[in-house]
Amino acid sequence: MKKQGTHNTYWGNIREAVSSSLTGLKLSFSHLLQARQSRKPIGVENKDYFQQTTGIVTLQYPKQEIPVPDHGRYQLRNEIDDCIVCDKCAKICPVNCIEIEAVRAVEEIGKTSDGSSKRIYPARFDIDMGKCCFCGLCTTVCPTECLTMTKEYDFSEFDVADHKFAFSEMTPMEILEKQKALDQYMQAKEAEKAKANTTPGKAEDQPKPAAAKPAFEPKVQARPLVPKNKPEAKATGQDESPREMAKKIMRQRKKPVIPVRKKNPPNDSPNQE
């Protein structure tokens, strides 16, 4: 059995409790004296941030705030006047927190701050910050740099559905008008195209078909067939036509060939009378 020491006795426990209480009160009074001064609300990037070891650290928020770093990734914001509705941010978002609906314009509707042409109306541009993972990929691919991450980090809400922010400024009536104008433009364009295909043009206006080239073009002009056994005809002022030459060749082939008989050699035998 373990032997009880002096600290485990009744008076020993009382002595230990008083000693620990005095030590805690001493530490509390030392902090109370240091609380007469407060720390400066400076950011961690400041060189004097770790030099402040004493003083009050609690800030009176929202009257006092610690500076946010310039490269911090917090709430997204879209300058809709500079947006060309290219849909690159929605495609690269890994959590699909950006929803875009576009209506194509029939002509150029303006210019952005960097000189890019605007040809699409942003009928809908919503960002759900409840889904955002603050990766910053959407701000990297934006060609006009209209989508940025601000220093606003306190956007807490009671309902998570209130974290969806809409940046489009078009009303439902404006969206219907732009869609109707686009439909009329497309119908007129299709009718004009169909009319051009059905109406025949003048013969002079129609392009002439290109002449088909032969698959093989001989370098040397072919000559009429001349029999080998016939001497070349002398120049008589007019050359014989190929038809006449062919008739002559056929006549020569039809002539009968008369065999030549050989004479018997003389018989010089002594028995012949």
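Helices and strands are DSSP runs, numbered from the N terminus, with at least four residues for a helix and at least two for a strand. The labels H3 and E6 in this tour follow that numbering. The model on display is predicted.

**The whole chain**

Begin with the protein chain in a cartoon representation. The chain contains 5 helices and 7 strands, and these follow the pattern α-β-α-β-β-β-β-α-β-β-α-α along the sequence. Next, colour by accessibility: of the 273 residues, 17% are buried. A surface representation corresponds to an exposed area of about 24,000 Å², with 54% of that area supplied by carbon and sulfur atoms. As for contacts between residues at least 6 apart in sequence, 64% of them join residues at least 24 apart.

**The loop between H3 and E6**

Select threonine 144, in the loop that runs between helix H3 (137-141) and strand E6 (147-149). Is this residue buried or exposed? Threonine 144 counts as buried because its relative accessibility is 9%, and the cut-off for that class is under 20%. Now display the side chain of threonine 144, which reaches the backbone oxygen of aspartate 82 at 2.9 Å. Beyond its neighbours within four places in sequence, threonine 144 is in contact with Asp82, Cys83, Ile84, Thr112, Asp114 and Ser116.

Move on to glutamate 145, which also lies in the loop between H3 and E6. Glutamate 145 counts as exposed, because its relative accessibility is 64%. Its phi is positive, at about 55°, although the residue is not a glycine.

**Asparagine 96**

Another positive phi can be found at asparagine 96, where the angle is near 55° in a residue other than glycine. To locate asparagine 96, select the loop between helix H2 (88-92) and strand E2 (98-104). The relative accessible area of asparagine 96 is 53%, so the residue is exposed; the class begins over 50%.

**Proline 62**

Select tyrosine 61 and proline 62 together and inspect the backbone. Which form does the peptide bond between them take? The bond from tyrosine 61 to proline 62 is cis, and its omega is near 10°. Proline 62 belongs to the loop between helix H1 (10-34) and strand E1 (76-78).

**The second largest pocket**

Which residues lie nearest the centre of the second largest pocket? Select Arg39, Lys40, Pro41, Val57 and Leu59, which hold that position within a lining of 13 residues. By class, this lining comprises 7 nonpolar, 4 polar and 2 charged residues. The space in the second largest pocket amounts to about 250 Å³.

**Methionine 170**

For the final stop, select methionine 170 in the loop between strand E7 (164-166) and helix H4 (172-198). With a relative accessible area of 17%, methionine 170 is therefore buried. Add proline 122 to the selection: the two residues are 48 residues apart along the chain, and their C-alpha atoms are separated by 7.5 Å. To complete the view, display Tyr121, Pro122, Ala123, Ile175 and Lys178, which methionine 170 touches when residues up to four places away in sequence are not counted.

Key:
Residues are numbered from 1 along each chain as its sequence is written. This is a predicted model: local features need pLDDT of at least 70, side-chain atom pairs count only at pLDDT 80 or more; totals for chains, interfaces and linings use all residues. Side-chain values use heavy atoms; hydrogens and water are left out. Buried means under 20% relative accessible area, exposed over 50%, partly exposed in between (1.4 Å probe, protein chains only). Contact means heavy atoms within 4.5 Å. Accessible areas come from the Shrake-Rupley method with a 1.4 Å probe; for residues, only the protein chains shown count as cover. On a 1 Å grid over the protein atoms alone, a cavity is a set of points where a 1.4 Å probe fits but cannot get out, and a pocket is an open set with protein on both sides within 12 Å along at least five of seven lines; lining residues have an atom within 4 Å of a point. Grid points are joined across faces, edges and corners, and a volume is the space filled by probe spheres set on the points. Ala, Val, Leu, Ile, Met, Phe, Trp, Tyr, Cys and Pro count as nonpolar, Asp, Glu, Lys and Arg as charged, and the others, Gly among them, as polar. A polar contact is a pair of N or O atoms within 3.5 Å; within protein, one must be able to donate a hydrogen and the other to accept it, and residues adjacent in sequence count only if both atoms are side-chain atoms.
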